[in-house]
Each structure stands twice: as C-alpha cells, then as structure tokens.
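Subject: Structure for you to look at

Hello,

Here is the structure I promised to pass on. Please open it next to this message and follow along.

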Amino acid sequence: MVVVSAPESLVTLGLGSCIGLVLFDQAAKVAGMAHIMLPDSRGAGQKALEKPGKFADTAVPALIAEVCRKGAVRSRLKAKIAGGSQMFALPGAQTDFLAVGSRNAKETEAMLQRHGIPLSASDTGGNKGRTVEFSTKTWMLTVKVLGKGTAEI
Amino acid sequence: MDLANFSNLQLDAMREVGNIGAGNAATALSIMLARPVDMDVPKAELVSIYELAEYYGDPLTMVSAVFVRSEGEFTCSLIFIQEEDESRKLVDLLIGQQMGGMDPASVPAEMRDSALTEVGNIILSSFLNAINVLIGGTHSISVPGVAHDMLGSILDVVASIFGQSGEHALIVDTSLKVENVEEGVSGKVVMLPDPGSLEILLGKLQVL
C-alpha cells in the first residue's frame with residue numbers, strides 16, 4: 001500500500017488478476033493505492049496482518065486507516081478500482097485460481113460497500129492486463145490496456 | 001510446505017528437476033523444428049511475490065505465454081513465455097517446417113495462435129512427462145491457455161497462485177534457444193510447483 005499527497009501520482013504496472021484499489025479524499029488532497037492479489041484472508045493467519053494489502057477483506061480497512069492517518073477524512077473518501085481479469089482460460093480444468101480476478105473484484109466491491117465507501121469508477125474483468133495510474137491533480141485513474149488503448153475513469 | 005523454510009539442497013534438487021524436464025522439452029522442440037535446440041543451465045529461485053512483476057525485466061514488455069496446469073501426485077503450473085517477437089519467429093519457423101514451405105505471413109492470426117498454443121503445449125507436456133518418469137508419478141495435463149499481454153500481468157497470475165499459501169514463489173526456469181536460424185529463437189519454460197505438493201516430490205528425490 002502506498003499513500004501520497006497531491007501532486008504525486010500512484011502507479012501499478014501490469015495488473016492481471018489483481019486489483020488496483022484507489023481511495024482518495026480530494027479536499028485533503030490525499031490518495032492511496034493497494035495491490036490486491038486475493039479475495040479473502042481466511043486461512044492466511046498471521047500473514048494477513050503483516051501484509052494486509054494482499055487480500056481484499058483486509059486491504060480495504062487497512063487502506064482506509066492509512067489514508068486517514070495521512071490526513072484524509074473518512075466520510076469524504078471515494079474509491080476507484082481496476083484489474084481483476086482472467087489472463088488464461090483452461091476449459092475443463094480444475095483451476096479456480098485462474099478465475100481469482102473476478103472474485104477479487106467482487107470481494108473488493110463488497111468490502112467497500114460494507115465500509116460505506118462509494119465506488120466512483122471501476123474497470124474490472126475481461127482477459128487483458130492493465131497498467132493504472134492515478135493522478136492527484138485530476139483525480140482520474142488512467143487505465144492502459146495493450147492493443148486497446150487508454151481510458152480515463 | 002512453507003517455502004520460507006526451503007533449503008539450498010532442495011533448491012538444487014528443483015534445479016535438477018528443471019534440468020531433466022527442460023532436456024526433454026528441448027528434444028521435443030528440436031524434433032518439431034528439425035533443428036538443434038540449445039538450453040541454458042536451469043535456475044530455481046525463491047522470489048518474493050511482491051517483486052515478481054520485475055523478475056524477468058520490464059513489466060510492460062509485450063510477451064506471449066502458453067499456460068498449462070498439471071495435476072497428479074506432483075501438481076504444478078507451467079508457462080512457456082516468450083517476448084512477442086520471439087514467438088512470432090517461432091510460429092514462422094513452425095509453419096515453414098510443418099506446412100511445406102507455406103508463406104507464414106499468409107496464415108491467419110487465429111491459426112498462428114493455434115500453432116503457438118500447440119507448440120507450447122508440446123514443450124510443456126514433454127517437460128512434465130520427464131518429471132513424472134523421474135518420480136514414477138501419474139498426472140493429467142489441462143488444455144493449454146494462451147495470452148498475449150504485458151509481462152507484469154502474466155506474472156501477476158503467478159503471484160496470486162503462490163499468494164494463497166505464502167509470500168514467496170518457487171520458480172524453476174530454463175531458456176531454450178533454437179539454433180541454425182538467423183538470430184536464433186528463444187523462449188523460457190517456467191515451472192511453478194504448488195507448495196502443497198512439494199513434499200511428495202522432494203520426498204521422492206530424498207531431499208525432504
């Protein structure tokens with residue numbers, strides 16, 4: 001997890017099944033990003049506490065705490081997410097882990113809702129990787145997909 | 001098993017497994033292309049899942065990757081990964097070799113992709129067969145999947161696989177290089193053992 005103040009930006013290169021979660025408070029000019037790899041920390045034990053950004057269920061509260069510690073106000077927080085694609089499809093195989101992207105997206109959205117953070121933009125799913133950059137000047141998340149160009153959300 | 005406690009002896013054993021697998025994969029590729037195929041000394045390394053995206057260089061590099069999953073006594077994922085240019089050269093060679101001098105440029109993209117998937121599948125299956133002969137195990141291999149995307153996004157999938165059980169990925173990889181062609185054509189066979197099935201493999205290799 002990384003938290004910055006304006007005018008710095010936040011970048012994650014080459015998201016596949018993972019989710020880039022951005023929480024931001026425009027008035028306080030603070031934003032943070034987590035790189036979520038897995039939906040759920042149950043079964044991870046102590047490790048989930050050491051690296052909360054890895055799991056959707058622990059990343060959301062941990063990133064909320066982190067941006068608030070840097071001056072954001074919880075009631076003003078908004079979220080944007082991107083990622084969660086399924087890079088490979090193997091028909092007929094027992095490969096739940098290859099569909100982890102959609103579970104990551106679903107769980108991240110559910111956790112944001114549970115914590116009362118509005119999701120102001122999202123670009124998840126599909127089968128292509130994404131590179132994301134969040135600007136604290138425009139408060140836009142730029143999502144680049146190889147061969148499909150760039151979108152601002 | 002917890003990869004954090006993996007010993008150097010065990011890494012050596014995994015390197016040897018990589019050597020045996022890659023030798024068979026190189027032979028299969030060599031037969032398909034009717035050209036010599038050279039291989040590097042295999043590597044076996046533990047990599048932090050948070051540093052995986054940069055492990056093979058710039059995460060934005062465009063690559064093609066063929067992925068299979070093998071399940072049995074020893075369960076693992078395997079990826080045949082190439083820079084996009086290299087995979088284009090490989091498909092050109094394969095089509096030239098197997099389709100009686102047909103102009104590779106005239107072959108539609110879907111067929112090229114199908115050829116790439118199949119050559120990847122044969123390489124990875126040969127790799128796995130050698131390992132299963134070594135440990136006397138049986139396995140079933142999935143249908144192959146293929147992706148053309150950023151290196152970082154492909155490795156992101158690997159991070160998720162290993163993230164389930166810890167903070168490190170065990171990567172066993174070997175570079176293959178087709179000789180007797182201009183500039184050569186190279187690719188990397190990457191084996192990613194499921195941590196849960198390593199005890200069986202290491203037990204059979206008597207390094208548990």
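Over residues 111-146 of chain B, the chain is 69% helix and 14% strand, and the C-alpha atoms at the two ends are 13 Å apart. Please keep in mind that this is a predicted model. Residues 10-44 of chain B are also 69% helix and 14% strand, with end C-alpha atoms 9 Å apart. Both stretches come up in the UniProt record: an unreviewed entry there annotates residues 10-44 and 111-146 of chain B as "domain: CheC-like protein".

Now to chain A. Which strands form its open sheet, and in what order? There are four, in the order β2-β7-β8-β9, and the pairing is antiparallel. The edge strands are β2 (9-15) and β9 (149-152) of chain A, each of which pairs on one side only. From one strand to the next, the twist averages 15°.

As general background, strands of a sheet pair through backbone hydrogen bonds, either parallel or antiparallel. In this model, β2(A) is joined by five bridges to β7 (residues 130-135) of chain A. Within that pair, A:V11 stands opposite A:E133 of β7(A).

Last, the core. The largest nonpolar core has 101 residues. Those that touch the most other members are A:L21, A:V22, A:L23, B:L78, B:F127 and B:V189. To see one of them in detail, select A:V22. Leaving out residues up to four places away in sequence, A:V22 touches A:L10, A:A31, A:M33, A:A79, A:K80, A:F134 and A:L141. In soluble globular proteins, nonpolar side chains tend to be buried together.

Regards

Technical notes. Residues numbered from 1 in each chain as written. Chains lettered and ligands numbered in written order. Predicted model: local features only at pLDDT ≥ 70, side-chain atom pairs only at ≥ 80, totals over all residues. Pairing = 2+ DSSP bridges. Axes fitted to C-alpha atoms, helices over the stretch in contact; angles between N-to-C directions. Core = buried A, V, L, I, M, F, W, Y, C linked by C-beta atoms within 7 Å. Buried ≥ 20, exposed ≤ 12 C-beta atoms within 10 Å, placed from the backbone. Contact = placed C-beta atoms within 7 Å. UniProt positions renumbered as here; feature names shortened; annotations may be inferred.
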